[in-house]
Amino acid sequence: RREFRGACDPMRMQESHDTPALLLVNLGTPAAPTAAAVSAYLDEFLSDPRVVQLPRWLWKPLLRKLILPRRSPVVAKKYAEVWLPGGSPLAVHTAALADAVRAKLPGWRVAHAMRYGAPSLAAALQALRNEGVREVRVLPLYPQYSTTTTEPVADVIAAHAGGMQVSMLRDYHRDGGWAAAVAASIRAHWAVHGRGERLVFSFHGLPQRVVDAGDPYAAQCEASTQAIAAALGIARAEVLLAYQSRFGKGKWLQPDVVATLQGLARDGVRRVDVACPGFAVDCLETLEEIAMQDAALFREAGGEALRYIPCLNAGDAHADALAALARGDEGWR
């Protein structure tokens, strides 16, 4: 007779007790490229007070009665342009990255989760606890720390760690392995397509007031730019740093990537290379916003070609860098 070891099997539980776990956490994604799915996702995301720091009595009615009904159909159409057979690019590439890192960490339990949407971080922690896992390392896939992205992950850990020993890596914005991987991806792009006249790094934007309140995000974006330029063997001055994905009318980090690209085109630059080192995997913001929308704006302003350099995704060098971070001691707390 065949024997199956269930969740309460002593040997399996002992194996789980002794197996360290790594959770790769990304921001999240709608379940489908539809207005309803986008609305549900944005409602969860934008309802987090870490993300939108306005009084709930003011923000929630504005969000649900005005912003979501207007914005969700528009965003859904954007998702539809880049949707993959297996789901959204962020979901597909994050799952593939977890598989790649798992192959680099024999003896580890490696999984992925999303802060918003599915698979949820809370459910992933619960599943590990049910398996008898004692030690979990949570690695948010945000190289640069921000109170608006990294801290929401810490909030879930604090609420759902249970009896497990859970530690989190706050950032890896200057990690040598990661910077080398980004540099290698740029060199590989240049080897195939030639080098553009300018290299632009586009990071996700952030309201200026958040940085003014002490958030280190902008400083870490600059440090990342310096580290990658050094790994490329070029001067920092050869890289333009800009910010994308502005939302709302308030003051956001500058310079804005669209204004930067349009300025380059007006100055006679015809070919520009754009990389997004703040994104671990490709998503709506890189594939639709940068590679499609901003590329069109660059051409309209007089440029010829915006060549987007893909994120590291599930590449071997990326998996190596994250596995090394998981095994290390620095930064975990």
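**Notebook: sheet, helices and rings**

I began with the sheet: four strands, ordered β2-β1-β3-β4, make an open sheet with parallel pairing. I looked for its edges next and found β2 (109-116) and β4 (165-168), each of which pairs on one side only. I also checked the twist: on average, neighbouring strands of this sheet are turned by 25 degrees against each other, direction ignored. A reminder to myself before going on: this is a predicted model.

**Entry on β1 and β2**

I followed strand β1, residues 21-28, along β2 and found seven bridges between them, in the parallel sense. Which residue of β2 is the bridge partner of glycine 28? I found tyrosine 116 there.

Then I looked at what lies across these two strands. Helix α2 (residues 35-46) lies across β1 and β2 and runs at about 90 degrees to β2. Helix α4 (residues 89-104) also lies across β1 and β2, but its angle to β2 is about 155 degrees.

Tyrosine 116 came up again when I turned to the rings: Tyr41, Phe45 and Tyr116 form one aromatic cluster.

**Entry on aromatic pairs**

How many aromatic pairs are there? My count is four aromatic pairs. I took a careful look at tyrosine 79 and tryptophan 83: the ring centres are 6.0 Å apart and the planes stand at 75 degrees, so I noted the pair as edge-to-face. The cut-off behind that label is an angle over 60 degrees between the planes.

Are these two residues buried or exposed? Tyrosine 79 has 8% relative accessibility and counts as buried, whereas tryptophan 83, with a relative accessible area of 23%, is partly exposed. The limit I needed here is that buried means under 20%.

One more ring caught my eye, that of tyrosine 145. The charged end of arginine 170 sits over this ring, 4.1 Å from its centre.

**Entry on α5 and α6**

Next I turned to a helix pair. The axes of α5 (residues 121-130) and α6 (residues 150-160) come within 10 Å and cross at roughly 40 degrees. I noted the crossing of α5 and α6 as right-handed. Which residues meet there? From α5 I listed Leu121, Ala122, Leu125 and Arg129, and from α6 Val153, Val156, Ile157 and His160.

**Entry on serine 167**

I went back to β4, since I wanted to see the surroundings of one residue in that strand, serine 167. Serine 167 counts as buried because its relative accessibility is 16%. Leaving aside residues up to four places away in sequence, I found that serine 167 touches Val136, Arg137, Val138, Trp332 and Arg333.

**Entry on the later strands**

I then looked at strand β5 (residues 198-204), which runs parallel to β6 and is joined to β6 by six bridges. Serine 202 has alanine 242 in β6 as its bridge partner. Why did I note β6 (residues 239-244) as largely enclosed by the rest of the structure? Five of the six residues of β6 are buried.

Strands β7 (residues 271-275) and β8 also run parallel, joined by five bridges. Opposite arginine 271 I found alanine 305 in β8. Of the five residues of β8 (residues 305-309), four are buried, so I noted β8 too as largely enclosed by the rest of the structure.

Notes: Residues numbered from 1 in each chain as written. Predicted model: local features only at pLDDT ≥ 70, side-chain atom pairs only at ≥ 80, totals over all residues. Heavy atoms only, no water. Pairing = 2+ DSSP bridges. Helix = DSSP H or I, 4+ residues; strand = E, 2+ residues; numbered from the N terminus. Axes fitted to C-alpha atoms, helices over the stretch in contact; angles between N-to-C directions. Contact = heavy atoms within 4.5 Å. Phe/Tyr/Trp six-rings, centres within 6.5 Å; stacked < 30°, edge-to-face > 60°. Buried < 20%, exposed > 50% of the residue type's maximum accessible area, 1.4 Å probe, protein only. Lys NZ or Arg CZ within 6 Å of the ring centre and 35° of its normal. Left-handed = near helix turned anticlockwise from the far one by under 90°.
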